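Here's a friendly walk through some side-chain details of a protein model. Have a look at the picture first, and then we'll go through rings, charges and a few odd spots.

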Amino acid sequence: MADEWSEFQDLYVSTAREYVKSLNDSLLKLEKNPQDEEAIEEIFRSSHSLKGQSAVMKYDSTAYLCHTVEDIFYEIRKKRMQLNPQVADLLFTAFDSLEKAIDEIEREKKDVDHTEIINNLKKLTGVKTEGGGKSTGRDEGVQSEVKTKKITESSKGKEKQAIDSDTNNKNQIDELKIIPVRVEKIDEVMNIMGEVLIQRLRLAGTLKKIDNPEFRDFFSQMEKNLDNLQRKIMKMRTLPIKFAFDFLPRAARDLARKQGKEVDVVIEGENIELDRTIVERLEEPLVHILRNSIDHGIEKKGTIKVRAARQGEFAEVRIEDTGKGIDWQKISKISNIPMSEKNKLKDALFSGISTSEKITEVSGRGIGLKAVKKNVEDFNGSLDVISQGHGTTFILRFPLTLAIIKTLIIESVSQSFAIPTGVIERTIDIDRSFIKKNADQEVFVLDDEDVPLIRLDEKLNLKDLKNQTKREKKEELVVIVKIGDEKIGLAVDNIVEVTDTLLKPVPDILRGSNIFFGTTILSNGKSALIISPEGILEKGGAN
(Lines give C-alpha, C1' and ligand atoms only; values in the text may rest on other atoms or scores of the structure.)
Protein backbone atom coordinates (compact mmCIF):
# COMPACT_ATOMS: atom_id res chain seq x y z
CA MET A 1 0.00 0.00 0.00
CA ALA A 2 1.29 3.42 -0.90
CA ASP A 3 2.27 5.48 2.13
CA GLU A 4 0.34 8.49 0.80
CA TRP A 5 -2.90 6.51 1.09
CA SER A 6 -2.26 4.67 4.38
CA GLU A 7 -4.31 7.18 6.34
CA PHE A 8 -7.38 6.04 4.38
CA GLN A 9 -7.00 2.39 5.37
CA ASP A 10 -10.10 2.31 7.63
CA LEU A 11 -12.20 4.12 5.04
CA TYR A 12 -11.13 1.66 2.36
CA VAL A 13 -11.99 -1.35 4.53
CA SER A 14 -15.44 -0.07 5.46
CA THR A 15 -16.42 0.83 1.88
CA ALA A 16 -14.92 -2.42 0.53
CA ARG A 17 -17.17 -4.41 2.88
CA GLU A 18 -20.18 -2.53 1.54
CA TYR A 19 -19.20 -3.38 -2.04
CA VAL A 20 -18.76 -7.09 -1.22
CA LYS A 21 -22.14 -7.13 0.50
CA SER A 22 -23.68 -5.53 -2.60
CA LEU A 23 -22.02 -8.19 -4.80
CA ASN A 24 -23.45 -11.01 -2.67
CA ASP A 25 -26.94 -9.48 -2.48
CA SER A 26 -27.09 -8.78 -6.22
CA LEU A 27 -25.91 -12.25 -7.18
CA LEU A 28 -28.55 -13.80 -4.91
CA LYS A 29 -31.19 -11.76 -6.76
CA LEU A 30 -29.72 -12.66 -10.14
CA GLU A 31 -29.68 -16.35 -9.28
CA LYS A 32 -33.44 -16.21 -8.69
CA ASN A 33 -34.04 -14.08 -11.79
CA PRO A 34 -31.26 -14.34 -14.42
CA GLN A 35 -32.96 -11.60 -16.47
CA ASP A 36 -32.58 -9.01 -13.71
CA GLU A 37 -30.67 -6.29 -15.59
CA GLU A 38 -30.58 -4.05 -12.50
CA ALA A 39 -28.77 -6.75 -10.51
CA ILE A 40 -26.21 -7.16 -13.33
CA GLU A 41 -25.57 -3.42 -13.43
CA GLU A 42 -25.23 -3.29 -9.64
CA ILE A 43 -22.57 -6.02 -9.76
CA PHE A 44 -20.75 -4.07 -12.46
CA ARG A 45 -20.83 -0.89 -10.37
CA SER A 46 -19.71 -2.58 -7.16
CA SER A 47 -16.89 -4.62 -8.72
CA HIS A 48 -15.73 -1.62 -10.77
CA SER A 49 -15.68 0.70 -7.73
CA LEU A 50 -13.90 -1.84 -5.54
CA LYS A 51 -11.39 -2.46 -8.31
CA GLY A 52 -10.64 1.24 -8.56
CA GLN A 53 -10.22 1.81 -4.84
CA SER A 54 -8.09 -1.32 -4.47
CA ALA A 55 -5.78 -0.20 -7.26
CA VAL A 56 -5.37 3.24 -5.67
CA MET A 57 -4.41 1.56 -2.40
CA LYS A 58 -2.00 -0.71 -4.30
CA TYR A 59 -3.92 -3.90 -3.50
CA ASP A 60 -3.33 -5.14 -7.04
CA SER A 61 -4.41 -8.77 -6.62
CA THR A 62 -7.80 -7.70 -5.26
CA ALA A 63 -8.18 -5.17 -8.08
CA TYR A 64 -7.30 -7.93 -10.58
CA LEU A 65 -9.96 -10.25 -9.13
CA CYS A 66 -12.60 -7.51 -9.34
CA HIS A 67 -11.67 -6.91 -12.97
CA THR A 68 -12.06 -10.63 -13.71
CA VAL A 69 -15.53 -10.56 -12.14
CA GLU A 70 -16.38 -7.67 -14.46
CA ASP A 71 -15.34 -9.81 -17.40
CA ILE A 72 -17.74 -12.57 -16.31
CA PHE A 73 -20.68 -10.19 -16.22
CA TYR A 74 -19.68 -8.56 -19.48
CA GLU A 75 -20.04 -11.99 -21.08
CA ILE A 76 -23.37 -12.55 -19.30
CA ARG A 77 -24.65 -9.16 -20.41
CA LYS A 78 -23.65 -9.91 -24.01
CA LYS A 79 -25.60 -13.22 -23.76
CA ARG A 80 -22.43 -15.23 -24.45
CA MET A 81 -22.61 -16.86 -21.02
CA GLN A 82 -25.43 -18.04 -18.76
CA LEU A 83 -25.51 -17.78 -15.00
CA ASN A 84 -25.94 -21.44 -14.10
CA PRO A 85 -25.48 -22.86 -10.57
CA GLN A 86 -21.85 -23.80 -11.27
CA VAL A 87 -20.97 -20.27 -12.38
CA ALA A 88 -22.81 -18.82 -9.37
CA ASP A 89 -20.88 -21.12 -7.03
CA LEU A 90 -17.59 -19.92 -8.47
CA LEU A 91 -18.61 -16.27 -8.24
CA PHE A 92 -19.68 -16.67 -4.62
CA THR A 93 -16.28 -18.28 -3.97
CA ALA A 94 -14.68 -15.20 -5.55
CA PHE A 95 -16.72 -12.91 -3.29
CA ASP A 96 -15.62 -14.98 -0.29
CA SER A 97 -12.03 -14.50 -1.42
CA LEU A 98 -12.59 -10.73 -1.57
CA GLU A 99 -14.01 -10.79 1.94
CA LYS A 100 -11.01 -12.72 3.26
CA ALA A 101 -8.71 -10.24 1.55
CA ILE A 102 -10.44 -7.31 3.25
CA ASP A 103 -10.04 -9.04 6.62
CA GLU A 104 -6.34 -9.57 5.93
CA ILE A 105 -5.92 -5.98 4.78
CA GLU A 106 -7.58 -4.74 7.96
CA ARG A 107 -5.33 -6.90 10.17
CA GLU A 108 -2.01 -6.89 8.34
CA LYS A 109 -2.38 -4.04 5.82
CA LYS A 110 -1.40 -6.33 2.97
CA ASP A 111 -3.21 -7.99 0.08
CA VAL A 112 -3.72 -11.73 -0.49
CA ASP A 113 -3.02 -13.82 -3.58
CA HIS A 114 -6.19 -14.49 -5.59
CA THR A 115 -4.40 -16.27 -8.47
CA GLU A 116 -6.26 -19.58 -8.19
CA ILE A 117 -9.77 -18.15 -8.22
CA ILE A 118 -8.81 -15.64 -10.94
CA ASN A 119 -7.59 -18.44 -13.20
CA ASN A 120 -10.76 -20.44 -12.58
CA LEU A 121 -12.88 -17.44 -13.56
CA LYS A 122 -10.79 -16.80 -16.70
CA LYS A 123 -11.35 -20.39 -17.81
CA LEU A 124 -15.08 -19.70 -17.85
CA THR A 125 -14.85 -16.63 -20.09
CA GLY A 126 -11.83 -17.30 -22.24
CA VAL A 127 -11.05 -13.61 -21.79
CA LYS A 128 -7.41 -12.63 -21.47
CA THR A 129 -7.48 -10.29 -18.50
CA GLU A 130 -4.26 -8.41 -17.82
CA GLY A 131 -4.31 -7.43 -14.15
CA GLY A 132 -6.41 -4.36 -13.46
CA GLY A 133 -5.94 -3.16 -17.03
CA LYS A 134 -7.60 -4.10 -20.30
CA SER A 135 -9.35 -7.34 -21.29
CA THR A 136 -9.30 -8.97 -24.70
CA GLY A 137 -12.51 -10.75 -25.76
CA ARG A 138 -12.39 -14.47 -26.56
CA ASP A 139 -14.07 -14.12 -29.98
CA GLU A 140 -13.50 -10.62 -31.28
CA GLY A 141 -9.88 -10.18 -30.35
CA VAL A 142 -10.69 -6.60 -29.44
CA GLN A 143 -10.64 -4.78 -26.19
CA SER A 144 -13.84 -5.22 -24.19
CA GLU A 145 -15.93 -2.43 -22.78
CA VAL A 146 -14.43 -3.05 -19.37
CA LYS A 147 -11.72 -0.45 -18.95
CA THR A 148 -9.77 0.97 -16.09
CA LYS A 149 -7.94 4.26 -15.93
CA LYS A 150 -4.31 3.80 -15.04
CA ILE A 151 -2.61 5.50 -12.16
CA THR A 152 -0.30 8.15 -13.45
CA GLU A 153 2.45 10.00 -11.70
CA SER A 154 3.71 13.50 -12.32
CA SER A 155 7.34 14.29 -12.91
CA LYS A 156 7.66 14.87 -9.18
CA GLY A 157 6.18 11.43 -8.52
CA LYS A 158 3.76 12.68 -5.87
CA GLU A 159 0.50 13.48 -7.64
CA LYS A 160 -1.85 10.56 -8.28
CA GLN A 161 -5.18 10.17 -10.04
CA ALA A 162 -7.93 7.85 -8.89
CA ILE A 163 -8.42 4.99 -11.35
CA ASP A 164 -12.15 5.03 -10.93
CA SER A 165 -14.77 7.72 -11.37
CA ASP A 166 -16.45 6.52 -8.16
CA THR A 167 -13.24 7.07 -6.15
CA ASN A 168 -12.84 10.63 -4.88
CA ASN A 169 -9.49 12.35 -4.63
CA LYS A 170 -7.83 13.15 -1.34
CA ASN A 171 -9.34 16.63 -1.11
CA GLN A 172 -12.83 15.15 -1.40
CA ILE A 173 -12.04 12.57 1.26
CA ASP A 174 -10.82 15.34 3.55
CA GLU A 175 -14.28 16.90 3.33
CA LEU A 176 -16.04 13.82 4.73
CA LYS A 177 -18.24 14.58 7.73
CA ILE A 178 -17.58 11.21 9.37
CA ILE A 179 -14.63 10.75 11.71
CA PRO A 180 -13.68 7.10 12.38
CA VAL A 181 -13.59 6.43 16.14
CA ARG A 182 -12.33 3.18 17.59
CA VAL A 183 -14.77 1.17 19.70
CA GLU A 184 -12.35 1.21 22.63
CA LYS A 185 -12.65 5.01 22.87
CA ILE A 186 -16.46 4.81 22.93
CA ASP A 187 -16.25 2.17 25.66
CA GLU A 188 -13.98 4.45 27.70
CA VAL A 189 -16.53 7.26 27.45
CA MET A 190 -19.30 4.81 28.38
CA ASN A 191 -17.40 3.69 31.48
CA ILE A 192 -16.95 7.30 32.58
CA MET A 193 -20.66 7.90 32.01
CA GLY A 194 -21.40 4.89 34.21
CA GLU A 195 -19.37 6.36 37.05
CA VAL A 196 -21.14 9.71 36.60
CA LEU A 197 -24.46 7.84 36.85
CA ILE A 198 -23.45 6.29 40.17
CA GLN A 199 -22.46 9.68 41.58
CA ARG A 200 -25.73 11.14 40.31
CA LEU A 201 -27.73 8.47 42.13
CA ARG A 202 -25.84 9.09 45.35
CA LEU A 203 -26.34 12.83 45.01
CA ALA A 204 -30.07 12.25 44.45
CA GLY A 205 -30.19 10.26 47.68
CA THR A 206 -28.41 13.03 49.56
CA LEU A 207 -30.77 15.71 48.19
CA LYS A 208 -33.75 13.92 49.72
CA LYS A 209 -32.36 14.92 53.10
CA ILE A 210 -31.78 18.59 52.15
CA ASP A 211 -34.49 21.23 52.01
CA ASN A 212 -33.04 23.58 49.40
CA PRO A 213 -35.43 24.36 46.46
CA GLU A 214 -32.79 26.23 44.47
CA PHE A 215 -30.34 23.35 44.72
CA ARG A 216 -33.06 20.87 43.71
CA ASP A 217 -34.01 22.95 40.65
CA PHE A 218 -30.35 23.04 39.63
CA PHE A 219 -30.05 19.27 40.09
CA SER A 220 -33.25 18.67 38.11
CA GLN A 221 -31.85 20.60 35.13
CA MET A 222 -28.53 18.78 35.44
CA GLU A 223 -30.38 15.44 35.38
CA LYS A 224 -32.06 16.37 32.11
CA ASN A 225 -28.69 17.20 30.56
CA LEU A 226 -27.16 13.98 31.89
CA ASP A 227 -30.09 11.96 30.53
CA ASN A 228 -29.58 13.51 27.11
CA LEU A 229 -25.82 12.89 27.23
CA GLN A 230 -26.40 9.31 28.34
CA ARG A 231 -28.78 8.64 25.43
CA LYS A 232 -26.30 10.09 22.94
CA ILE A 233 -23.43 7.97 24.26
CA MET A 234 -25.54 4.82 24.34
CA LYS A 235 -26.62 5.56 20.76
CA MET A 236 -22.95 5.62 19.77
CA ARG A 237 -22.66 2.04 21.06
CA THR A 238 -25.53 0.70 18.97
CA LEU A 239 -25.69 -0.82 15.50
CA PRO A 240 -28.66 -1.81 13.33
CA ILE A 241 -29.29 -5.51 13.70
CA LYS A 242 -29.10 -5.75 9.91
CA PHE A 243 -25.32 -6.13 10.31
CA ALA A 244 -26.04 -9.51 11.93
CA PHE A 245 -28.73 -10.40 9.38
CA ASP A 246 -26.92 -9.50 6.17
CA PHE A 247 -25.09 -12.82 5.83
CA LEU A 248 -28.19 -15.00 6.33
CA PRO A 249 -29.50 -15.16 2.72
CA ARG A 250 -26.06 -16.14 1.42
CA ALA A 251 -25.49 -18.67 4.23
CA ALA A 252 -28.91 -20.23 3.64
CA ARG A 253 -28.28 -20.40 -0.10
CA ASP A 254 -24.95 -22.23 0.30
CA LEU A 255 -26.27 -24.70 2.87
CA ALA A 256 -29.48 -25.43 0.98
CA ARG A 257 -27.56 -25.97 -2.26
CA LYS A 258 -25.32 -28.56 -0.59
CA GLN A 259 -28.39 -30.48 0.50
CA GLY A 260 -30.32 -30.10 -2.73
CA LYS A 261 -33.00 -27.89 -1.16
CA GLU A 262 -34.57 -24.56 -2.05
CA VAL A 263 -34.79 -22.07 0.79
CA ASP A 264 -35.93 -18.45 0.74
CA VAL A 265 -34.95 -16.11 3.57
CA VAL A 266 -37.29 -13.23 4.44
CA ILE A 267 -35.95 -10.53 6.78
CA GLU A 268 -38.04 -7.96 8.66
CA GLY A 269 -37.18 -5.29 11.22
CA GLU A 270 -33.51 -5.08 10.29
CA ASN A 271 -33.23 -1.45 11.40
CA ILE A 272 -33.79 -2.25 15.08
CA GLU A 273 -30.65 -1.10 16.93
CA LEU A 274 -28.84 -3.11 19.59
CA ASP A 275 -25.66 -2.79 21.59
CA ARG A 276 -22.82 -3.37 19.13
CA THR A 277 -21.41 -6.18 21.32
CA ILE A 278 -24.64 -8.14 20.84
CA VAL A 279 -24.79 -7.44 17.11
CA GLU A 280 -21.18 -8.50 16.62
CA ARG A 281 -21.72 -11.78 18.52
CA LEU A 282 -25.17 -12.59 17.16
CA GLU A 283 -23.85 -14.30 14.04
CA GLU A 284 -22.93 -17.57 15.77
CA PRO A 285 -26.35 -18.32 17.33
CA LEU A 286 -28.11 -17.30 14.10
CA VAL A 287 -25.91 -19.66 12.07
CA HIS A 288 -26.70 -22.58 14.39
CA ILE A 289 -30.45 -21.94 14.18
CA LEU A 290 -30.25 -21.52 10.40
CA ARG A 291 -28.45 -24.84 10.09
CA ASN A 292 -30.98 -26.50 12.35
CA SER A 293 -33.88 -25.22 10.26
CA ILE A 294 -32.40 -26.30 6.94
CA ASP A 295 -30.93 -29.61 8.09
CA HIS A 296 -33.72 -30.84 10.39
CA GLY A 297 -36.79 -28.79 9.49
CA ILE A 298 -37.17 -27.94 5.82
CA GLU A 299 -37.39 -31.06 3.69
CA LYS A 300 -37.24 -29.99 0.02
CA LYS A 301 -38.45 -26.43 -0.29
CA GLY A 302 -39.33 -23.84 2.32
CA THR A 303 -39.00 -20.38 3.82
CA ILE A 304 -37.13 -19.04 6.81
CA LYS A 305 -38.46 -15.74 8.17
CA VAL A 306 -36.21 -13.69 10.44
CA ARG A 307 -38.01 -10.87 12.22
CA ALA A 308 -36.71 -8.36 14.76
CA ALA A 309 -38.94 -6.13 16.88
CA ARG A 310 -38.49 -3.86 19.87
CA GLN A 311 -40.36 -4.61 23.08
CA GLY A 312 -39.70 -1.97 25.71
CA GLU A 313 -36.07 -2.15 26.80
CA PHE A 314 -35.59 -5.42 24.93
CA ALA A 315 -35.33 -6.59 21.32
CA GLU A 316 -36.91 -9.84 20.18
CA VAL A 317 -35.63 -11.86 17.23
CA ARG A 318 -37.84 -14.62 15.82
CA ILE A 319 -36.51 -17.21 13.38
CA GLU A 320 -39.44 -19.08 11.90
CA ASP A 321 -39.24 -21.91 9.36
CA THR A 322 -41.87 -23.80 7.39
CA GLY A 323 -40.31 -27.20 8.08
CA LYS A 324 -41.72 -30.33 9.65
CA GLY A 325 -41.34 -29.12 13.24
CA ILE A 326 -39.70 -30.62 16.31
CA ASP A 327 -40.40 -34.22 17.27
CA TRP A 328 -41.16 -33.66 20.96
CA GLN A 329 -42.02 -37.32 21.48
CA LYS A 330 -38.56 -38.28 20.35
CA ILE A 331 -36.98 -35.75 22.71
CA SER A 332 -39.19 -37.08 25.51
CA LYS A 333 -38.02 -40.64 24.81
CA ILE A 334 -34.31 -39.71 24.64
CA SER A 335 -34.40 -37.50 27.76
CA ASN A 336 -36.87 -39.60 29.81
CA ILE A 337 -38.96 -36.47 30.41
CA PRO A 338 -42.78 -36.76 30.27
CA MET A 339 -44.55 -34.95 27.43
CA SER A 340 -46.47 -32.92 30.02
CA GLU A 341 -43.26 -31.20 31.22
CA LYS A 342 -42.97 -28.69 28.36
CA ASN A 343 -40.37 -26.43 29.96
CA LYS A 344 -38.15 -29.36 30.88
CA LEU A 345 -38.42 -30.72 27.32
CA LYS A 346 -37.24 -27.34 26.02
CA ASP A 347 -34.35 -27.41 28.47
CA ALA A 348 -33.45 -30.88 27.20
CA LEU A 349 -33.52 -29.63 23.60
CA PHE A 350 -31.04 -26.88 24.51
CA SER A 351 -28.89 -29.14 26.72
CA GLY A 352 -27.02 -30.85 23.90
CA ILE A 353 -29.14 -33.88 23.00
CA SER A 354 -29.59 -34.76 19.34
CA THR A 355 -32.56 -36.31 17.55
CA SER A 356 -30.68 -36.74 14.28
CA GLU A 357 -30.23 -40.25 12.93
CA LYS A 358 -26.86 -39.40 11.43
CA ILE A 359 -24.03 -36.93 11.89
CA THR A 360 -23.30 -34.59 9.00
CA GLU A 361 -20.80 -31.76 8.57
CA VAL A 362 -23.69 -29.41 9.33
CA SER A 363 -25.31 -30.92 12.41
CA GLY A 364 -26.22 -34.06 14.30
CA ARG A 365 -23.92 -33.83 17.32
CA GLY A 366 -26.36 -31.92 19.51
CA ILE A 367 -23.99 -29.03 20.27
CA GLY A 368 -25.62 -26.37 18.05
CA LEU A 369 -28.62 -25.37 20.16
CA LYS A 370 -26.59 -25.73 23.35
CA ALA A 371 -24.17 -23.17 21.91
CA VAL A 372 -27.10 -20.91 20.98
CA LYS A 373 -28.39 -20.93 24.56
CA LYS A 374 -24.96 -20.12 26.00
CA ASN A 375 -24.40 -17.28 23.53
CA VAL A 376 -27.78 -15.74 24.23
CA GLU A 377 -27.39 -15.97 27.99
CA ASP A 378 -23.90 -14.46 27.78
CA PHE A 379 -25.49 -11.13 26.88
CA ASN A 380 -28.31 -11.42 29.42
CA GLY A 381 -30.83 -12.68 26.90
CA SER A 382 -33.32 -15.52 26.84
CA LEU A 383 -34.13 -18.30 24.39
CA ASP A 384 -37.44 -20.01 23.69
CA VAL A 385 -38.85 -22.30 21.01
CA ILE A 386 -42.35 -22.93 19.69
CA SER A 387 -43.11 -25.95 17.54
CA GLN A 388 -46.48 -27.61 17.35
CA GLY A 389 -46.81 -30.01 14.47
CA HIS A 390 -45.65 -27.94 11.49
CA GLY A 391 -42.88 -25.35 11.52
CA THR A 392 -40.56 -24.15 14.26
CA THR A 393 -40.02 -20.68 15.74
CA PHE A 394 -36.96 -19.82 17.83
CA ILE A 395 -37.34 -16.67 19.94
CA LEU A 396 -34.26 -14.75 21.11
CA ARG A 397 -34.62 -11.78 23.47
CA PHE A 398 -31.86 -9.29 24.28
CA PRO A 399 -31.54 -6.05 26.23
CA LEU A 400 -31.09 -3.11 23.89
CA THR A 401 -27.92 -2.17 25.73
CA LEU A 402 -25.43 -4.00 27.93
CA ALA A 403 -24.24 -0.91 29.78
CA ILE A 404 -27.13 1.01 31.36
CA ILE A 405 -30.68 -0.26 31.77
CA LYS A 406 -33.82 1.14 33.36
CA THR A 407 -34.96 -0.89 36.37
CA LEU A 408 -37.60 -0.98 39.07
CA ILE A 409 -36.01 -1.08 42.52
CA ILE A 410 -37.99 -3.28 44.91
CA GLU A 411 -37.49 -4.61 48.43
CA SER A 412 -38.01 -8.04 49.91
CA VAL A 413 -37.23 -8.69 53.58
CA SER A 414 -35.43 -5.32 53.78
CA GLN A 415 -33.10 -6.25 50.92
CA SER A 416 -33.09 -4.31 47.64
CA PHE A 417 -33.24 -5.85 44.17
CA ALA A 418 -33.63 -4.47 40.65
CA ILE A 419 -35.98 -5.75 37.92
CA PRO A 420 -35.61 -4.56 34.26
CA THR A 421 -38.62 -2.39 33.45
CA GLY A 422 -38.76 -3.79 29.91
CA VAL A 423 -40.45 -6.97 31.17
CA ILE A 424 -42.77 -5.34 33.74
CA GLU A 425 -46.38 -5.04 32.65
CA ARG A 426 -47.70 -3.36 35.82
CA THR A 427 -47.74 -3.47 39.61
CA ILE A 428 -50.92 -4.24 41.56
CA ASP A 429 -52.22 -5.00 45.04
CA ILE A 430 -54.01 -8.35 45.22
CA ASP A 431 -56.40 -9.31 48.00
CA ARG A 432 -54.96 -12.42 49.61
CA SER A 433 -58.36 -14.09 49.49
CA PHE A 434 -58.08 -14.16 45.67
CA ILE A 435 -54.88 -16.22 45.77
CA LYS A 436 -55.58 -19.93 45.31
CA LYS A 437 -53.55 -23.13 45.20
CA ASN A 438 -53.34 -25.03 41.93
CA ALA A 439 -51.44 -28.26 42.65
CA ASP A 440 -48.28 -26.95 44.35
CA GLN A 441 -48.41 -23.51 42.74
CA GLU A 442 -50.13 -20.38 44.05
CA VAL A 443 -52.14 -18.59 41.34
CA PHE A 444 -54.46 -15.61 41.01
CA VAL A 445 -56.80 -14.49 38.25
CA LEU A 446 -55.84 -11.42 36.23
CA ASP A 447 -57.69 -10.37 33.07
CA ASP A 448 -59.52 -13.71 33.03
CA GLU A 449 -56.37 -15.83 33.10
CA ASP A 450 -54.52 -17.72 35.82
CA VAL A 451 -51.19 -16.14 36.69
CA PRO A 452 -48.62 -18.01 38.82
CA LEU A 453 -47.57 -16.17 41.98
CA ILE A 454 -43.93 -16.42 43.03
CA ARG A 455 -42.92 -15.04 46.40
CA LEU A 456 -39.49 -13.48 46.01
CA ASP A 457 -38.48 -14.08 49.63
CA GLU A 458 -39.19 -17.80 49.30
CA LYS A 459 -37.58 -18.09 45.87
CA LEU A 460 -34.40 -16.50 47.21
CA ASN A 461 -34.54 -18.23 50.63
CA LEU A 462 -34.55 -14.91 52.46
CA LYS A 463 -35.06 -15.07 56.21
CA ASP A 464 -37.67 -12.72 57.64
CA LEU A 465 -36.57 -12.26 61.25
CA LYS A 466 -38.01 -8.80 61.71
CA ASN A 467 -41.57 -9.43 60.62
CA GLN A 468 -42.82 -12.92 61.35
CA THR A 469 -46.44 -11.78 60.99
CA LYS A 470 -46.25 -10.28 57.52
CA ARG A 471 -48.44 -13.04 56.11
CA GLU A 472 -51.26 -11.56 58.21
CA LYS A 473 -51.61 -8.59 55.85
CA LYS A 474 -54.69 -8.56 53.66
CA GLU A 475 -53.03 -7.64 50.36
CA GLU A 476 -49.95 -8.71 48.43
CA LEU A 477 -47.90 -6.19 46.44
CA VAL A 478 -47.27 -7.93 43.12
CA VAL A 479 -45.08 -7.02 40.13
CA ILE A 480 -46.56 -8.48 36.93
CA VAL A 481 -43.75 -9.68 34.68
CA LYS A 482 -44.39 -10.75 31.08
CA ILE A 483 -41.86 -12.68 29.01
CA GLY A 484 -43.10 -13.64 25.57
CA ASP A 485 -46.53 -15.17 26.08
CA GLU A 486 -45.94 -16.09 29.73
CA LYS A 487 -46.81 -14.04 32.81
CA ILE A 488 -45.85 -14.34 36.45
CA GLY A 489 -46.68 -12.31 39.51
CA LEU A 490 -43.70 -11.52 41.72
CA ALA A 491 -44.73 -10.82 45.33
CA VAL A 492 -42.51 -8.18 46.96
CA ASP A 493 -42.60 -6.10 50.14
CA ASN A 494 -42.04 -2.61 48.77
CA ILE A 495 -41.49 -0.62 45.57
CA VAL A 496 -38.80 2.05 45.90
CA GLU A 497 -38.29 3.79 42.53
CA VAL A 498 -37.68 3.48 38.79
CA THR A 499 -34.15 4.47 37.84
CA ASP A 500 -31.33 4.03 35.33
CA THR A 501 -28.84 1.49 36.60
CA LEU A 502 -25.29 0.73 35.59
CA LEU A 503 -25.04 -2.95 34.75
CA LYS A 504 -22.09 -4.73 36.34
CA PRO A 505 -21.24 -8.47 36.39
CA VAL A 506 -22.60 -10.71 39.15
CA PRO A 507 -20.15 -11.82 41.87
CA ASP A 508 -18.25 -15.02 41.14
CA ILE A 509 -20.12 -16.89 43.87
CA LEU A 510 -23.41 -16.34 41.98
CA ARG A 511 -22.20 -17.04 38.44
CA GLY A 512 -23.86 -20.46 38.41
CA SER A 513 -27.26 -18.98 39.29
CA ASN A 514 -29.81 -18.33 36.58
CA ILE A 515 -31.80 -15.94 38.79
CA PHE A 516 -29.43 -12.93 38.59
CA PHE A 517 -27.67 -11.47 35.57
CA GLY A 518 -25.94 -8.46 37.08
CA THR A 519 -25.44 -6.05 39.95
CA THR A 520 -25.81 -2.29 40.27
CA ILE A 521 -25.18 0.57 42.71
CA LEU A 522 -28.17 2.27 44.34
CA SER A 523 -28.59 5.91 45.35
CA ASN A 524 -27.66 5.02 48.96
CA GLY A 525 -24.31 3.68 47.76
CA LYS A 526 -25.22 0.05 48.41
CA SER A 527 -25.18 -2.66 45.76
CA ALA A 528 -28.22 -4.59 44.57
CA LEU A 529 -28.61 -7.72 42.49
CA ILE A 530 -30.47 -7.42 39.17
CA ILE A 531 -33.06 -10.17 38.84
CA SER A 532 -33.32 -12.18 35.62
CA PRO A 533 -37.07 -12.63 35.01
CA GLU A 534 -36.33 -15.60 32.76
CA GLY A 535 -34.46 -17.29 35.62
CA ILE A 536 -37.33 -16.66 38.03
CA LEU A 537 -39.79 -17.96 35.44
CA GLU A 538 -37.97 -21.27 35.05
CA LYS A 539 -39.70 -23.67 37.41
CA GLY A 540 -36.55 -25.71 37.65
CA GLY A 541 -34.40 -22.68 38.44
CA ALA A 542 -32.16 -23.08 41.46
CA ASN A 543 -33.13 -21.14 44.62
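Let's begin with a charge and a ring: lysine 242 lies over the face of phenylalanine 243, 5.6 Å from the ring centre. To count as sitting over a ring, NZ of Lys or CZ of Arg has to be within 6 Å of the ring centre and within 35 degrees of the ring normal. Arginine 77 does this too, with its charged end over the ring of phenylalanine 44, 4.2 Å from the centre.

Before going on, a word on the model: it is predicted, so local features need pLDDT of at least 70 and side-chain atom pairs count only at pLDDT 80 or more, while totals for chains, interfaces and linings use all residues. Residues are numbered from 1 along each chain as its sequence is written, and side-chain values use heavy atoms, with hydrogens and water left out.

**Rings that pair up**

How many aromatic pairs does a search of the whole structure find? Three. Rings of Phe, Tyr and Trp (its six-membered ring) pair if their centres lie within 6.5 Å; planes under 30 degrees apart are stacked, over 60 edge-to-face, and the rest tilted. Tyrosine 12 and tyrosine 59 make a tilted pair, 5.3 Å centre to centre with 50° between the planes. This pair links distant parts of the chain, 47 residues apart: tyrosine 12 is in helix 1 (residues 9-32), and tyrosine 59 is in the loop between helix 2 (37-56) and helix 3 (60-77). Helices (H or I, at least four residues) and strands (E, at least two) are DSSP runs, numbered from the N terminus. Both tyrosine 12 and tyrosine 59 are buried; that means under 20% relative accessible area, with exposed over 50% and partly exposed in between (1.4 Å probe, protein chains only).

**Salt bridges**

A salt bridge needs a side-chain nitrogen of Lys or Arg within 4 Å of a carboxyl oxygen of Asp or Glu. By this rule the count is 37, and here are some of them.

| Positive partner | Negative partner | N to O distance |
|---|---|---|
| Arginine 200 | Glutamate 223 | 3.3 Å |
| Lysine 346 | Aspartate 384 | 2.9 Å |
| Arginine 426 | Glutamate 425 | 3.5 Å |

Arginine 200 is buried, at 12% relative accessible area, whereas glutamate 223 is partly exposed at 24%. Aspartate 384 is partly exposed as well, at 25%. There's also a network of salt bridges linking Glu31, Asp89, Asp96, Arg250, Arg253, Asp254 and Arg257.

**A charge without a partner**

Aspartate 321, in strand 7 (residues 314-321), is buried yet has no salt bridge. How far away is the nearest side chain of opposite charge? That is lysine 261, 10 Å away; Lys and Arg count as positive, Asp and Glu as negative, and His and the chain ends are not counted. What aspartate 321 does have is a 3.0 Å contact between its side chain and that of serine 293.

**Two unusual backbone spots**

Most residues other than glycine have a negative phi. Asparagine 336 has a positive phi of about 60°, and it lies in the loop between helix 13 (328-335) and helix 14 (342-349). Aspartate 448 has a positive phi near 65°, in the loop between strand 14 (441-446) and strand 15 (449-455). Asparagine 336 is exposed at 69% relative accessible area, and aspartate 448 is exposed at 79%.

Terms used. A polar contact is a pair of N or O atoms within 3.5 Å; within protein, one must be able to donate a hydrogen and the other to accept it, and residues adjacent in sequence count only if both atoms are side-chain atoms.
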